[in-house]
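User: I would like to go through this model and understand the reasoning behind the labels attached to it. Please take the salt bridges before anything else.

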Amino acid sequence: MKPPPSSSASRAILLRKARLSPYLFALLVFIFLVTLLYGEDFSCTFGQFDSDHHSHLHTISTEKNSEKLAFAIGETERGCDVFKGRWVRDKKARPLYEEWECPYIQPQLTCQEHGRPEKEYQHWRWQPHGCSLPSFNATLMLESLQGKRMLFVGDSLNRGQYVSMICLLHRVIPEDAKSMKTLGSLTVFTAKDYNATIEFYWAPFLLESNSDDAVIHRVTDRLVRKGSINKHGKNWKGADIIVFNTYLWWMTGLRFKILQGSFDDEEKDIVTLPTDDAYRMAMKSMLRWVKKNMDPNKTRVFFTSMSPSHEKSFEWGGDPNGNCYNETTPIEDPEYWGSGSRRSIMGVISEVFSKSRVPITFLNITQLSSYRKDAHTSIYKKQWSPLTPKQLANPVSYADCVHWCLPGLQDTWNELLFAKLFYP
């Protein structure tokens with residue numbers, strides 16, 4: 001057995017132990033100060049997830065400090081969440097343009113032209129709690145796009161937001177200084193005096209799929225190819241601002257078919273995954289593409305959350321057999337959340353974005369759009385197939401409760417995009 005240490009030896013040991021305390025204390029103080037000063041940057045870098053008591057959503061933001069973000073000229077009021085608020089009737093300030101003024105709106109979205117008898121859906125303004133959205137400034141947007149390329153990528157709902165953006169901008173551009181052309185999956189609006197383009201690229205899954213034809217894409221047995229984002233992504237390179245969306249086309253059930261080989265393979269290797277897992281795969285592919293191809297110091301990337309549908313009016317206390325047809329006012333219940341918006345998908349987005357350091361700004365339009373059962377195209381749109389007498393006798397049977405009239409709700413999505421682009 002070793003003899004006990006002498007008193008002098010004991011003091012030396014204690015001094016060596018005590019000598020560690022100042023270093024440990026200093027380290028703890030340093031960590032505390034850094035967390036206090038830069039905690040917001042850290043939380044944004046890794047993804048910030050705040051529980052929303054009313055909607056049980058997660059507010060997702062992977063954007064950096066506004067001083068480091070391209071295009072930013074200011075910042076949102078401290079403590080202001082522009083995605084939480086209420087709809088206010090404002091007939092003086094809404095709509096932001098008239099339907100007849102914008103020749104770029106597709107006939108699927110021109111509700112007045114197709115007989116909608118009232119315009120109440122056009123007169124609602126989104127009012128965040130405790131703050132206000134900056135007014136959309138078309139000149140500022142165009143000047144900021146000088147020599148640049150803005151690109152919307154996704155499905156028909158993202159195309160609706162794209163068209164809304166064109167409608168918001170085109171009035172300040174002379175007639176002979178603007179043009180729009182479509183070639184395959186790509187539609188390009190050019191503001192010639194600004195050497196700027198605002199574009200839409202059809203890719204409903206972001207990945208390669210059997211629904212990639214921009215015109216003929218109504219297939220019942222949808223199939224997405226794993227690891228194929230570069231099939232479309234090669235067309236996105238060089239964009240200065242990208243707005244992604246993908247949701248609706250994944251919603252065919254609880255499981256989804258994934259192609260592991262090539263569409264050219266004679267014998268295709270197809271696996272079936274839970275839809276949430278398939279969607280997760282797409283989100284990870286998108287983030288990898290952004291990390292590899294977008295310079296965070298010069299470009300901005302946005303992801304728009306799911307656009308809600310209103311297929312079941314009993315969910316908001318309406319007719320048990322109805323839908324959005326004949327609805328003319330928003331839902332007032334702040335906690336309303338319809339079955340058309342799958343919570344588990346929001347969970348997937350939350351999970352994937354929180355683990356990523358890729359700077360993407362999340363446009364959380366789902367809850368605010370969920371209130372707008374009145375804003376859909378319903379029956380007031382071009383019908384691509386003749387309606388049967390049975391359908392005509394029951395308008396609910398063919399009402400479109402997915403897409404939105406323009407002008408209307410999607411102009412607000414672009415006001416939010418404008419706010420987050422310039423005042424993050």
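Analyst: The structure holds 17 salt bridges, and since this is a predicted model, every value below is computed from predicted coordinates.

User: What makes the contact between arginine 125 and aspartate 90 a salt bridge?

Analyst: The side chains of arginine 125 and aspartate 90 meet at 2.8 Å, N to O, and the cut-off for a salt bridge is a Lys or Arg side-chain nitrogen within 4 Å of a carboxyl oxygen of Asp or Glu, so the pair qualifies. The pair links distant parts of the chain, with arginine 125 in strand β4 (residues 124-128) and aspartate 90 in the loop between β3 (85-89) and β4, 35 residues apart.

User: Why is arginine 125 called partly exposed, and is aspartate 90 buried or exposed?

Analyst: Arginine 125 has a relative accessibility of 22%, and because partly exposed covers the range between 20% and 50%, that label applies to arginine 125. Aspartate 90 has 15%, which is under the 20% limit, and therefore aspartate 90 counts as buried.

User: How do you know that arginine 280 and aspartate 277 form a salt bridge, and where do they lie?

Analyst: Their side chains meet at 2.5 Å, N to O, which is within the 4 Å limit, so the contact counts as a salt bridge. Both residues lie in helix α5 (residues 275-293), three residues apart, about one turn of the helix. Arginine 280 is buried, because its relative accessible area of 17% is under 20%, whereas aspartate 277, at 34%, falls between 20% and 50% and is therefore partly exposed.

User: What makes glutamate 327 and lysine 373 buried, and how are they paired?

Analyst: Glutamate 327 is at 17% relative accessibility and lysine 373 is at 6%; both values are under 20%, so both residues count as buried. Their side chains meet in a salt bridge at 2.6 Å, N to O. This pair also links distant parts of the chain, 46 residues apart: glutamate 327 is in the loop between β13 (300-304) and α6 (343-354), and lysine 373 is in the loop between α7 (366-370) and β15 (376-378). Elsewhere, salt bridges that share partners join Asp277, Arg280, Glu351 and Lys355 into one network.

User: Why is helix α9 described as largely enclosed by the rest of the structure?

Analyst: Of the 14 residues of α9, 14 are buried, so the helix is largely enclosed by the rest of the structure. Helix α9 (residues 409-422) reaches 21 Å from its first C-alpha to its last, close to the 20 Å expected at 1.5 Å a residue.

User: Why does proline 174 count as partly exposed?

Analyst: Proline 174 is at 41% relative accessibility, which lies between 20% and 50%, so the label partly exposed follows. Proline 174 sits in the loop between α3 and β6 (178-183), and its C-alpha is 9.1 Å from that of alanine 191, 17 residues apart along the chain.

User: Which residues lie nearest the centre of the largest pocket, and what is the make-up of its lining?

Analyst: The largest pocket, with a volume of about 1,200 Å³, is lined by 36 residues, of which Gln108, His217, Arg218, Trp384 and His403 lie nearest its centre. Elements giving two or more residues to this lining are α3 (156-170), β8 (196-202) and β16 (400-404), and β16 gives the most, with four residues. By class, the lining has 16 nonpolar, 13 polar and seven charged residues.

Note on methods. Residues numbered from 1 in each chain as written. Predicted model: local features only at pLDDT ≥ 70, side-chain atom pairs only at ≥ 80, totals over all residues. Heavy atoms only, no water. 1 Å grid on protein atoms, 1.4 Å probe; cavity = no way out; pocket = protein on both sides within 12 Å on 5 of 7 lines; lining within 4 Å. Points joined across faces, edges and corners; volume = space filled by probe spheres on them. Nonpolar A, V, L, I, M, F, W, Y, C, P; charged D, E, K, R; others polar. Buried < 20%, exposed > 50% of the residue type's maximum accessible area, 1.4 Å probe, protein only. Expected span 1.5 Å × (residues − 1).
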